[in-house]
Each structure stands twice: as structure tokens, then as C-alpha cells.
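Work through the turns below with the model open beside you. Each answer ends on the value or name asked for.

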Amino acid sequence: MTHLVGVEAVLPEHRYDQPVITDALTVIVGAEGRTETLLRRVHASSGVDRRHLALPLDQYAALADFGEANDAFITAAVDLGSAAVSAALDRAGLRPADVDLIISTTITGLAVPSLEARIAARVGLRDDVVRVPIVGLGCMAGAAGTARLHDHLVGHPGAVAVLVSVELCSLTVQRGDTSTANLVASGLFGDGAGAVVAVGAEHPAARSAPAGTPTVVASRSRRFADTEAAMGWDVRSTGLRIVLGAEVPELVRSGVGPDVVAFLADHGLQVSDVGWWVCHPGGPKVIDALVSALGVDDAALAVTTDSLRRVGNLSSASVLHILRDTLDRCPPPAGSPGVMMAMGPGFSLELVLLRA
């Protein structure tokens, strides 16, 4: 099994209550009259109380184009990602020189060299570290990245692998765009980063890991046919314009449950055996759909709901924040099974079976 010996969650220093962000965004997106009323209603019903932003709020209106927004993304993403990786290594009791593989995930900016290359240089990883940038999986990339760590460590059981997810969603909000998708996204998504340090079963850190350290047992990927238009980006001269279909909650409600049941059954488990859930928050309608699809009560996803309230939807970094919150606030009993899951463009699903 793969041992997740260091999990860290990092947020930018600029924190604002939701009404303050709403006031600023009415100007940035050009919302007036009925559109402003809709924006304010969407923000108020988002389930989000406050968010952390990559930049001070008053700097967003001055971003002239995609190039300036992306430059800001690279600067902030490397800072946040480096802080997350360094802190996760500290939690694991490992050094940068110990890392054999680093995976990065992001969907909110473009960087070549990719983020993990820049972070590797910043934190002092070896010059022969294996790098794997993941772009395009959207919100499910934190779960998928955790699964890919496991895939690598099954074949390299003495190795150390790191996942870093950085999402600066605020830098993708489209100026002058009053589409419903942009209004919804402007009220849901926040900025943040997370990192996981994992070791294979034969690494000394696996043998010395304290009881309750999460391990990865297995994973499964699922792509739903004919759903490519449900979620993603349209790449425009103005940047990354969100595609967010109204059908997403129904796709979750109708499609996710059977996949979770089948995945668990392959490992001799039922939904009722799962003691802890690390679920991407989506938004309030997605959380309600997950509760319905899984046949659990609201309390099972309480950490997910609270994460959405406190920091917003952090795209791929959300599940890493929720995993950190779970370990800090309600540590699962040693040996208990858990499930990490997230949905993304495609429409796709990533499932990771964990055990404490």
C-alpha cells in the first residue's frame, strides 16, 4: 500500500468575506440591473462565507488581459505550491533530496516550464527528480493525482512521491462576461494549494508511520459518454472561460452512486462500511446530489460542506484541503476505510479507496 505520510493545505494571505467579493465582482464582470440582482442571489446561495484570493481584491480590475492574469498566476502558484510541498515534507520528516517523483495539477493557468519544475527548483528537489505535470482534469485532479502517486509507488515501493495541486480560480473570472456560468463560478471558486507526500510500502517512513496514517488501497477512473460539454474551459483571447452546465448535479445524482457501489464491492465493502468521505465540494447542489447518490446523511459530508463555506471550491486542491481537515478535526479510527472522490471535465469521476 501507499502511505500518505505528509498532507498539507495552504491558502493565500488575502482573505475576504463573500459580500465584499460580490461587491467588487459586480464591477469586474459588468453586472447591472437584473444581471447584478442575479449575481448577488447566486453568490448569496453559494454556500460560501469567505474566500482567499491570490491577489489583493483591488488589483483584479487592473489586470488588462490573459497575459497579465497568467503572469500573476505563475508568480503566486509557485509561491503557494512551494510552501505546500515544503510543509508536507516537514510533516513527513523527509528532505527535498528524498523525493523521487513530483506530480503537479492545475487547471487555472499555464506555465512552461510547468509548475512542478519551478517548484522543484525553489524547494531544492534533486535534478534527476521525475516530473509529471497534469493539466486538463479540472476539479478531479487532486484525487487523480493521489491515485497516480499510488500507481507509481506500487512499482517503486521504496520511493518517495509528491503531489502538489495549485488552483488560483480568481484569476480566471472573465471581465465583462455576464453569462450565468461566469456568475456562478465567480461566487463559488477560491484560491489555494495542497500537497501530499507519499511513500511506498518498503520505504522506512512507511514502517514508522503513526497509526491512522492514510494509505491508498486502490483507485478507479470513470468517464461518462457524451458529457464533454458539461464542464470545462473555452479558451479565448480573454483567457479561460468556464463551461459549467446545469446538468452537472443530475449527472452526479444519477451516475456516481452505482460506480461507488461497484468500486467498493470489488474490495469486499459496502457504502455503509465507509467511515470517512473526502469528497470534492462542487457547490451546494453537487453536495446534495452526492448525499442522494451515496445514500448517506448530510453529516457524512460535513467536512466537505464546511470546507466550501470557509474557503470555497478550490478545484483540484479541494480534496487535499478536505483530507487535511479530516485528519485534524475528526481523525478516522485506525483501520477504517475511507473514500476520496472528485468529479471533473469529461464528465469524469475519480475514486480512491483509502484506509486509516
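Q: How many residues line the second largest pocket?
A: In this predicted model, the residues nearest the centre of the second largest pocket are Leu4, Val5, Pro210, Thr213 and Pro214. They belong to a longer list, and the number of residues that line this pocket is 18.

Q: Which element gives the most to the lining of the second largest pocket?
A: Three elements each supply at least two residues of this lining: strand S1 (2-10), H3 and helix H11 (318-329). The one that gives the most does so with four residues, and it is S1.

Q: How many residues of the lining of the second largest pocket are charged?
A: By class, twelve residues of this lining are nonpolar and four are polar. The pocket holds about 290 Å³ of space. The charged residues in its lining number two.

Q: About how much space lies in the largest pocket?
A: This is a pocket, and its space is given as a volume in Å³. The value for the largest pocket is about 920 Å³.

Q: Which residues of the lining are the closest to the centre of the largest pocket?
A: The lining of the largest pocket is made of 41 residues. Those closest to the centre are Val184, Ala185, Leu188, Phe189 and Leu244.

Q: Which element gives the most to the lining of the largest pocket?
A: Elements that give two or more residues to this lining include strand S9 (231-236), strand S10 (239-244), helix H8 (248-265) and helix H9 (284-294). Helix H6 (180-188) is also among them. By class, the lining has 23 nonpolar, 17 polar and one charged residue. The element that gives the most, with seven residues, is H6.

Q: How many cavities of 30 Å³ or more does a search of the whole structure find?
A: The largest cavity has about 130 Å³ of space, and the second largest has about 40 Å³. Both values are above the 30 Å³ used in the search. The number of cavities found is three.

Q: Which element gives the most to the lining of the largest cavity?
A: Residues that line the largest cavity include Ile21, Leu25, Ile28, Arg51 and Leu53. Helix H1 (18-28) and strand S3 (50-53) each supply at least two residues of this lining. With three residues, the element that gives the most is H1.

Q: How many residues of the lining of the largest cavity are nonpolar?
A: Among the residues of this lining are Ser170, Arg175, Ser186 and Phe189. Two residues of the lining are polar and two are charged. The nonpolar residues number eight.

Q: Which helix gives the most to the lining of the second largest cavity?
A: This cavity is lined by Phe66, Ala69, Asn70, Phe73, Thr108, Leu171, Thr172 and Leu240. They divide into five nonpolar, three polar and no charged. The helix that gives the most, with four residues, is H3 (residues 66-92).

Q: Is Ala117 buried or exposed?
A: Ala117 is found in helix H4 (residues 115-123). Its relative accessible area is 18%, and buried means under 20%. Therefore Ala117 is buried.

Q: How far apart in space are Ala117 and Gly187, C-alpha to C-alpha?
A: In sequence, Ala117 and Gly187 are 70 residues apart. In space, C-alpha to C-alpha, they are apart by 32 Å.

Q: What share of the chain is helix over residues 70-201?
A: For these residues UniProt lists "domain: Chalcone/stilbene synthase N-terminal", in an unreviewed entry. The end C-alpha atoms are 39 Å apart, and 23% of this stretch is strand. The share that is helix is 42%.

Terms used:
Residues numbered from 1 in each chain as written. Predicted model: local features only at pLDDT ≥ 70, side-chain atom pairs only at ≥ 80, totals over all residues. Heavy atoms only, no water. 1 Å grid on protein atoms, 1.4 Å probe; cavity = no way out; pocket = protein on both sides within 12 Å on 5 of 7 lines; lining within 4 Å. Points joined across faces, edges and corners; volume = space filled by probe spheres on them. Nonpolar A, V, L, I, M, F, W, Y, C, P; charged D, E, K, R; others polar. Buried < 20%, exposed > 50% of the residue type's maximum accessible area, 1.4 Å probe, protein only. UniProt positions renumbered as here; feature names shortened; annotations may be inferred.
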